[in-house]
Number of protein chains: 2
Amino acid sequence: MAPQLDAYFKQVDTLAESFIERLRKAVAIPSVSAEDERRPEVIRMGKFLQAELEALGCSVEARELGKEPQREHLDLPPVIVARYGSDSKKRTILVYGHYDVQPANLEDGWATQPFELTVDDKGRMFGRGSTDDKGPVLGWLNAIEAHQKAGVDFPVNLLMCFEGMEEYGSEGLDDFIAAEADKYFKDADAVCISDNYWLGTEKPCLTYGLRGCNYYSVEVSGPGQDLHSGVFGGTVQEPMTDLVRVMAQLVDTDGKILVPGINEMVAPLTDDEKALYGDIAFTMDNLYESLGSKTGIFPDKEKTLMARWRYPSLSLHGIEGAFSAPGGKTVIPAKVTGKFSIRTVPNMEPAKVNEAVFKYVNDVFKKLGSKNSLKVWNNHDGRWWVASPNHWNFTAAGKAVERVWGVKPDLTREGGSIPVTLTFEESLKKNVLLLPMGSSTDAAHSINEKLDRRNYIEGTKLLGAYLHYVAEEPTGA
Amino acid sequence: MAPQLDAYFKQVDTLAESFIERLRKAVAIPSVSAEDERRPEVIRMGKFLQAELEALGCSVEARELGKEPQREHLDLPPVIVARYGSDSKKRTILVYGHYDVQPANLEDGWATQPFELTVDDKGRMFGRGSTDDKGPVLGWLNAIEAHQKAGVDFPVNLLMCFEGMEEYGSEGLDDFIAAEADKYFKDADAVCISDNYWLGTEKPCLTYGLRGCNYYSVEVSGPGQDLHSGVFGGTVQEPMTDLVRVMAQLVDTDGKILVPGINEMVAPLTDDEKALYGDIAFTMDNLYESLGSKTGIFPDKEKTLMARWRYPSLSLHGIEGAFSAPGGKTVIPAKVTGKFSIRTVPNMEPAKVNEAVFKYVNDVFKKLGSKNSLKVWNNHDGRWWVASPNHWNFTAAGKAVERVWGVKPDLTREGGSIPVTLTFEESLKKNVLLLPMGSSTDAAHSINEKLDRRNYIEGTKLLGAYLHYVAEEPTGA
Ligand SMILES: [Zn+2]
Ligand SMILES: [Zn+2]
Ligand SMILES: [Zn+2]
Ligand SMILES: [Zn+2]
């Protein structure tokens, strides 16, 4: 039986202006985690959130994470954990969000003050953090408040985990989640994260997969110090020549990875999976618009989405130690370090990817016949994540989307990684759902970040509706 | 008949301490042309030189070059031109040097204060500008003074041209020389520049050739802005991939230039020329010491020196627009510009080199089948220079070296360029000789720059002796 949601929805509409006011207050706190001098603002934002949650009757704890490693003069902002309800007959859902934001300065080209929420006549609410991730975080608080004011029973026990360092590496969070998995988080039956975006602007989506990332450095060195190309050019084997020749053999113009063994690790495409792509609301024009060019590799949407979501890719990011400024300098750099990364997908094992990369890079270098030295290492790797979109957590969310938006959601994956997703899955061994609120045009990490009023208000309805459906969804597949 | 030089030599020895004192005063003026705030010190150094020259009875002019282009708040230091003697029966020799110096800070690792001349117990005189180029410039003044005090007739009319912007691009000098070629410099019969170094530490040399340099940029662009490799990796043709693949096809590990047509432009090696290399005082250990490694291309001295002096080379300097900092960043750069240069030798025409490079780079890129755009252009080119070592200017200098140092000089070329050399040759149509004073260990542009007392004092003798021999040398070959 479909949940009774009309009273809740009506209440959300009634409270819409006060919800926007809540977002305005949050955006006004410049909680930029990357800037030393604004770290106190991050902490102030945590306190704001704590006070709001307490006012709603949640039990809240600000869990300190200590000093920032390597930068001991800075306090890490606390993780704000909260619980609303503890009825053992109800399911318990753990939600995650972050209350810190990306840096923003008017001079970067913002059309409005980045830390003043500015709503235009199209209902676009501009402000740093509006969509990433203050809007979605406050969505959960709004949902609680609307239930209370509508007199509708809250359908689940809600556990909340809001961190303040997401935009700066989530320092300390993995350990915290692992430590609390069978303590604060032990009742959680499923996890929901609202910190990503629709694929376009019109159709909501549920996200069930993320690519991982193995990041590499390859260093070639020879001379004891940088040399002048006039004096030494033609007499010495140049590290930059060797490095460029190695990097040129990693990937081709059409993105084909040339490292043997990598493509063989990829899970084969099944007919079922293939069938998912046709209906996705995405066009090549969407791609071209976001690229700002027509330099895509594939001519059609299916291949493009598969390349983004379910196939690996290799990108060359740059070279450290070479001349990189404007103008001309006739240097022979003594030591240069190329940076590249491989986006990983099922069933690529990070360690096996490393092994294949190390072997290949060394082989290619050996064939150059150089007297220079080469070192290659992995800077970091983050595993890919894929959840089952047939799990009750997803099917419930799908029904909620259909109820609020009148359309079945796209089932999407993403090309990038959201490391906390995997951390929750691995620590809690529960299904994790990514349920985005904002749309593809929100410009999360850019100037003029915004959240549409419609996405915020309907999104608040969606978060509440999701909790109702997930409370009732049978434990199926 | 060999010139009578004993009285002059003796006087130089007598005045040695006062010559060192003159150098001490010059080094104490931090005439760093590259630093805005020290530009007045460069001008002060010009005035010091002017006063010293006037005290020796030279007629001196400080020729203003106006404001620095693009940086109109800065005055260019004047060119100090001077004449000593105007006897129409004597030859007139034009000498060039520069009175500005490279930057130097104690914190860079200097063992002594860089602007205090510090003489150690091995006679090494440490100080910025000691060898580059204040020592050689003052050598000419010392030679005049010693002739006066010894009562020896000065053998030539001496024209002097000392500039103050050499270490910062010789702004304005080319135009000045061209304009004065048939005015201030019109009597010059030959030119002598003392602003380079011996190949080693024991054997003097005369330098008769320099390589030129054609500098290139190759830009690949596609997307409208930098992209995130998570979101776009695998779906877009990446400019960095294309650029690296193009750069990898320019030169191989052993320095072989892969641009068709370039190697064919090189003047063939004659037996006469080949024979010059065997005797040159240079060893592979000299190379390894200056490299700080054993990563040379050739196993023997002859091939190494030929590669440095008389064959072209191609060096990859770096990439602008890619990620170049330490650490990891998962960017797909939207526009990247590779920098490389080709050192040129006879008979490579800069314009034909450009043509070959442009065609090849475009061809290689075309074969990649990329939708990105490529542009390649020449940033600047400086022609190679080779003089005849059989000219009387050189044969006279060779005799002077033998007289002072007791050994025939090596006839050397250099891999780098000294643009003013070509400017003098082309503007005055006279033979130009490079007659170095310092040795290979002087560390001209590095920390702990020095000039050996021996090279300064014997070098002063050499400059004077050269003027005697060049006054008498028959106009031969
Ligand atoms: Zn976020
Ligand atoms: Zn973010
Ligand atoms: Zn110099
Ligand atoms: Zn210099």
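How are the donor residues of the zinc ion (ligand 3) spaced in sequence? They follow the pattern H-x33-D-x62-D. The legends below start at this site and then move on to other parts of the structure, which is a predicted model.

**View 1. The zinc ion (ligand 3) and its donors in chain B.** Welcome to the first metal site. The protein atoms that hold the zinc ion (ligand 3) come from His98(B) through NE2, from Asp132(B) through an OD atom, and from Asp195(B), which is listed with OD twice. These donors lie 2.0 to 2.7 Å from the ion. The angles among the four donor atoms run from 52 to 145°, and the site is irregular. His98(B) belongs to strand 5 (residues 92-98) of chain B and Asp132(B) to helix 3 (residues 130-150) of chain B, so this pair ties together parts that are 34 residues apart in sequence. His98(B) counts as buried, at 0% relative accessibility. Asp132(B) counts as buried too, with a value of 4%.

**View 2. Asp132(B), shared by two zinc ions.** Here the focus is a residue already met in the first view. Asp132(B) coordinates both the zinc ion (ligand 3) and the zinc ion (ligand 4). The two ions are 3.1 Å apart.

**View 3. The zinc ion (ligand 4) and its donors in chain B.** Around the zinc ion (ligand 4), the protein donors are an OD atom of Asp132(B), OE of Glu167(B), listed twice, and NE2 of His445(B). They sit at 2.0 to 2.7 Å from the ion. The angles that the four donor atoms subtend span 53 to 133°, which makes the arrangement irregular. Along the chain, the spacing of the donors reads D-x34-E-x277-H. Two of these residues link distant parts of the chain, 278 residues apart: Glu167(B) is in the loop between strand 8 (157-163) and helix 4 (173-180) of chain B, and His445(B) is in the loop between strand 19 (432-434) and strand 20 (450-452) of chain B. Glu167(B) is buried, at 14% relative accessible area, whereas His445(B) is partly exposed, at 48%.

**View 4. The zinc ion (ligand 2) and its donors in chain A.** Now we turn to chain A. Asp132(A) (OD), Glu167(A) (OE, listed twice) and His445(A) (NE2) supply the protein donors of the zinc ion (ligand 2), at 2.0 to 2.7 Å. Asp132(A) also reaches a neighbour, bridging this ion and the zinc ion (ligand 1), with 3.2 Å between the two ions. The donor residues of the zinc ion (ligand 2) are spaced D-x34-E-x277-H in sequence. Glu167(A) lies in the loop between strand 8 (157-163) and helix 4 (173-180) of chain A, and His445(A) in the loop between strand 19 (432-434) and strand 20 (450-452) of chain A, so the pair ties together parts that are 278 residues apart in sequence. Is Glu167(A) buried or exposed? Glu167(A) is buried, with a relative accessible area of 13%, while His445(A) is partly exposed, at 46%.

**View 5. The contact between chain A and chain B.** The last view shows where the chains meet. Chain A brings 75 residues to the contact, and chain B brings 75 residues. Together they bury about 5600 Å², of which 52% is on carbon and sulfur atoms. On the side of chain A that touches chain B, strand 13 (residues 313-320) of chain A gives the largest share, eight residues. Between the chains there are 45 residue pairs in polar contact (both at pLDDT 80 or more), and the count of salt bridges is zero.

How values were computed: Residues numbered from 1 in each chain as written. Chains lettered and ligands numbered in written order. Predicted model: local features only at pLDDT ≥ 70, side-chain atom pairs only at ≥ 80, totals over all residues. Heavy atoms only, no water. Donors = N, O, S within 2.8 Å, 3.2 Å for Na, K, Ca; no water. Helix = DSSP H or I, 4+ residues; strand = E, 2+ residues; numbered from the N terminus. Buried < 20%, exposed > 50% of the residue type's maximum accessible area, 1.4 Å probe, protein only. Contact = heavy atoms within 4.5 Å. Buried area = accessible area lost by both parts, 1.4 Å probe. Salt bridge = Lys/Arg side-chain N within 4 Å of Asp/Glu carboxyl O. Polar contact = N/O pair within 3.5 Å; in protein donor to acceptor, adjacent residues only side chain to side chain. Tetrahedral: all angles 85-135°; square planar, octahedral: opposite > 155°, others 65-115°.
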